[in-house]
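Me: Could you take a close look at one part of this structure for me, the open sheet, and tell me how its strands are laid out?

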Amino acid sequence: MQPENYYPRQAGSNNDLDMLVGKTLGQFRIVERIGAGGMATVFKAYQPALDRYVAIKVLPTHYARDPVFVKRFVQEARSVAKLAHPNIVQIHDFGEQENITFIVMEYVDGGTLKERIKKPLPVPEAADYIIQAAEGLDCAHRNGIVHRDVKPANMLLRKDGHLLLSDFGIAKILEGTTNLTRVGTGIGTPQYMSPEQGMGQAVDRRSDLYSLGIVFFHCLTGRVPFQADSPLTITVKHINDPLPVDRLTAEGVPPLVVQVVLKMAAKQPYERYQSADVLIDALTSALAASNLSMPRPYRISPFASGPAVEVKNQQSVSSASQYGGGIAQSGAQSVVMLACFRCGALNRSTQLYCTTCGDDLSNKRASADRFLGPNGRPVLARLLMKNGPMAGRAYRFHQDVTTIGRTTGNDLVIPGLTVSRRHARLWFANGRWYLEDLQSANGTFVNNVRIYQAVALNDGDMISFGDEAVIFNVIYGP
């Protein structure tokens, strides 16, 4: 029995494409149609060579016959395929076969954000989705790509809540194609479209941030801010009407978070956040100042805690083995001690976070360890600090996303003066560990070469965050 798919099943005009089910496009065998709309039909397909399922987006035949469209499609697909980021859907392949233009992407099994927001979401959960989307947009913007159609339907979710942006550049591909007017397809989605995009003006990354602000409003209130009977009327409302702040207040959204939404959705581009990383800093600061927990736990499934050891004398902890725990016999009351997965320090079981490195002692992130090495154990990462106040310490990381920076709120805090507030990001995908610089002031270097886009790491690589040097190693979990 095939696992349930969660792509929206919409009525479309591409019923002729249903004949593809059971056939092959390249090396992909079409299994079933999982979504359809005016822009494309999406199929679930199986790739025998790699024993995996993928999603194949097949574009309407009237676009495939347009040489201008096909040229723009190939150019944009190549640009997007170069984006390596944990919050962007990975493009595996694209091409044409028998007048069928298609693009092959990773298959995401948890549906879309549109399906998740049937009612208002808790503020931390909504903020989590917005931060993840902003991380993906930040990568795209720094590579010169503007999404142009940011909306919940283009935000795919894994079952653990991890968000991936899809459909980059579709609007750009359509602009100027010879059959656009004849087909009558609009560019963008009016409910989330920025005022300048609605007026047909040039757009940049700030337009994406406006649309993301409308998505945030939708998550927090359960509905979009502007509704009307026609797309034109909705567009006019985006241009002229103020954001209905009272709806946010009615849902109990903290004032500081409301201010973030208002700035994201400002009418003039210069009034908004000027980049996604500035938005992320503002939103995380607003959450902290509002005494709301950081959103990360919302996208991690519960997992059993790490190994516990019983210690009868709390004062004997310092003499216990840092990585193995220990038992002392002098106390009358038993105290369970937990060894932190990340740094190995012992902590009392009554604590939620490690007092040494701040990691979650329940070790929930182990649920992300889905890729196993040849020995059948999960592939993990370790960073060994080579200099500075943390020299000699080693930290382990699961197969999720790890942010590295100087300030609280990062997963790994390195206090060096040459380390930026949000310096770099480490993550695991398709069997490899990747590192990306987050536009740090002093740079991220791999083997003494400064990196400007995501790079795959190899065991033993020397990494420098500013002047702070670390050794990267691939290790295996239990």
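Reply: Here is a walk through that sheet, with a little about the chain around it.

First, the ground rules. This is a predicted model, where local features need pLDDT of at least 70, side-chain atom pairs count only at pLDDT 80 or more, and totals for chains, interfaces and linings use all residues. Residues are numbered from 1 along each chain as its sequence is written, and side-chain values use heavy atoms, with hydrogens and water left out.

The chain has 12 helices and 22 strands (DSSP runs numbered from the N terminus: helices are H or I with at least four residues, strands E with at least two). Six of those strands form your open sheet, in the order β13-β12-β22-β21-β18-β19, and the pairing is antiparallel (two strands pair if DSSP finds at least two bridges between them).

At the edges you'll find β13 (394-397) and β19 (449-450); each has a single partner strand, so one side of each is left without a neighbour in the sheet.

Further in, take β18 (residues 444-446) and β21 (residues 462-465): they run antiparallel and are joined by three bridges. One pairing to look up on screen is valine 446, whose bridge partner in β21 is isoleucine 463.

As for the chain as a whole, 53% of its 478 residues are buried (under 20% relative accessible area with a 1.4 Å probe, protein chains only). Among contacts (heavy atoms within 4.5 Å) between residues at least 6 apart in sequence, 56% join residues at least 24 apart.

How values were computed:
Buried < 20%, exposed > 50% of the residue type's maximum accessible area, 1.4 Å probe, protein only.
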